[in-house]
Amino acid sequence: MPARLPQGSTWEDRERAVRRQAWQYHSDEMALADDLLSHLMRAFRELEGVKSLDNAQELTLLLAGGAANFLRSAQNLALDGYYVQAISLVRNAYEYWLAGTWLNRVPQEAAPLREESARWPKPSDMTQALAASLAQDEALGTTLSEGQRHHLKKFTHPSFDSISGALDSKGTLRTGPFYQRRRLLTFLDLSYRTATLLHRLLEQSFPLLREGEWARRSAELAARVSAWATRQAAEDEAGR
């Protein structure tokens with residue numbers, strides 16, 4: 001039998017409780033998530049006055065803006081305990097990044113894609129077209145690994161992995177949102193890395209962002225994400 005919500009409790013009560021737990025146990029990590037998103041917003045403000053954008057740059061900016069919205073929405077869902085749904089939105093953000101990176105390599109393809117009836121390449125086709133550079137970036141640790149991309153896929157489609165989080169250690173089905181440390185950390189890992197990919201895409205696409213304070217801050221945030229990932233790997237290894 002599914003466990004019921006406590007008497008007098010509502011969905012909103014549970015969401016607020018989960019959000020408090022997330023900030024109580026992961027305040028530094030949530031602050032880093034906020035910093036990564038805030039940095040994207042700074043980039044958009046920096047680029048507001050730029051008028052002479054080519055087709056590829058304009059589409060890239062639209063993709064980056066849409067990806068930032070996905071990440072912000074995902075963060076709110078994860079804070080409230082909806083981890084699978086949050087990871088699904090991170091996948092959307094990742095695929096927007098993928099499209100922007102592909103456009104950087106083939107800017108001549110941008111103009112036809114502005115048409116409403118245009119058919120964009122499938123993510124799998126763009127991944128294949130970028131295979132060599134993605135493999136190099138993966139070796140350097142500057143993009144999502146194959147395992148991380150697999151996480152994005154398995155939480156997006158129906159599978160036991162995507163639905164089993166509703167079961168506790170005794171196999172009891174729990175209704176409503178609830179705090180799950182491991183799934184929150186999985187979300188943060190994927191979200192952090194996707195945000196840093198978007199930072200790099202914007203730097204590659206817009207010369208204005210390659211120097212000065214914005215570029216310095218990008219490097220600082222990337223270093224914080226790398227340090228966090230190293231600590232998490234050490235904690236995971238110690239816990240085995």
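Contact means heavy atoms within 4.5 Å. This is a predicted model, in which local features need pLDDT of at least 70, side-chain atom pairs count only at pLDDT 80 or more, and totals for chains, interfaces and linings use all residues. Residues are numbered from 1 along each chain as its sequence is written, and side-chain values use heavy atoms, with hydrogens and water left out.

Q: Which residues does Leu-202 touch, not counting residues up to four places away in sequence?
A: Residues up to four places away in sequence are not counted here. The list for Leu-202 is Leu-40, Ala-43, Phe-44, Leu-61, Ala-64, Leu-209 and Trp-214.

Q: Which helix supplies the largest share of the largest nonpolar core?
A: A nonpolar core is a set of buried Ala, Val, Leu, Ile, Met, Phe, Trp, Tyr and Cys residues joined through side-chain atoms within 4.5 Å. This core has 57 residues, and Trp-97 and Leu-202 are among those that touch the most other members. The largest share is 12 residues, and it comes from H4.

Q: How many residues of H4 are buried?
A: Helices are DSSP runs (H or I, at least four residues), numbered from the N terminus. Helix H4 covers residues 83-105, 23 residues in total. Buried means under 20% relative accessible area, exposed over 50%, and partly exposed in between (1.4 Å probe, protein chains only). H4 is largely enclosed by the rest of the structure, because its buried residues number 17 of the 23.

Q: What kind of aromatic pair do Phe-70 and Tyr-96 form?
A: Rings of Phe, Tyr and Trp (its six-membered ring) pair if their centres lie within 6.5 Å; planes under 30 degrees apart count as stacked, over 60 as edge-to-face and the rest as tilted. The structure holds 4 such pairs. For Phe-70 and Tyr-96, the centres are 5.2 Å apart and the planes meet at 85 degrees, so the pair is edge-to-face.

Q: How many residues apart in sequence are the parts that this pair ties together?
A: Phe-70 is partly exposed at 21% relative accessible area, and Tyr-96 is partly exposed at 31%. Phe-70 lies in helix H3 (residues 55-79) and Tyr-96 in helix H4, so the parts tied together are apart in sequence by 26 residues.

Q: Is His-39 buried or exposed?
A: His-39 is found in helix H2. Its contacts include His-199, Trp-214 and Ser-218. With 0% relative accessibility, His-39 counts as buried.

Q: What separates the C-alpha atoms of His-39 and Ser-218?
A: Along the chain, His-39 and Ser-218 are 179 residues apart. Their C-alpha atoms are separated by 7.6 Å.

Methods. Helices (H or I, at least four residues) and strands (E, at least two) are DSSP runs, numbered from the N terminus. The expected span of a helix is 1.5 Å times one less than its number of residues.
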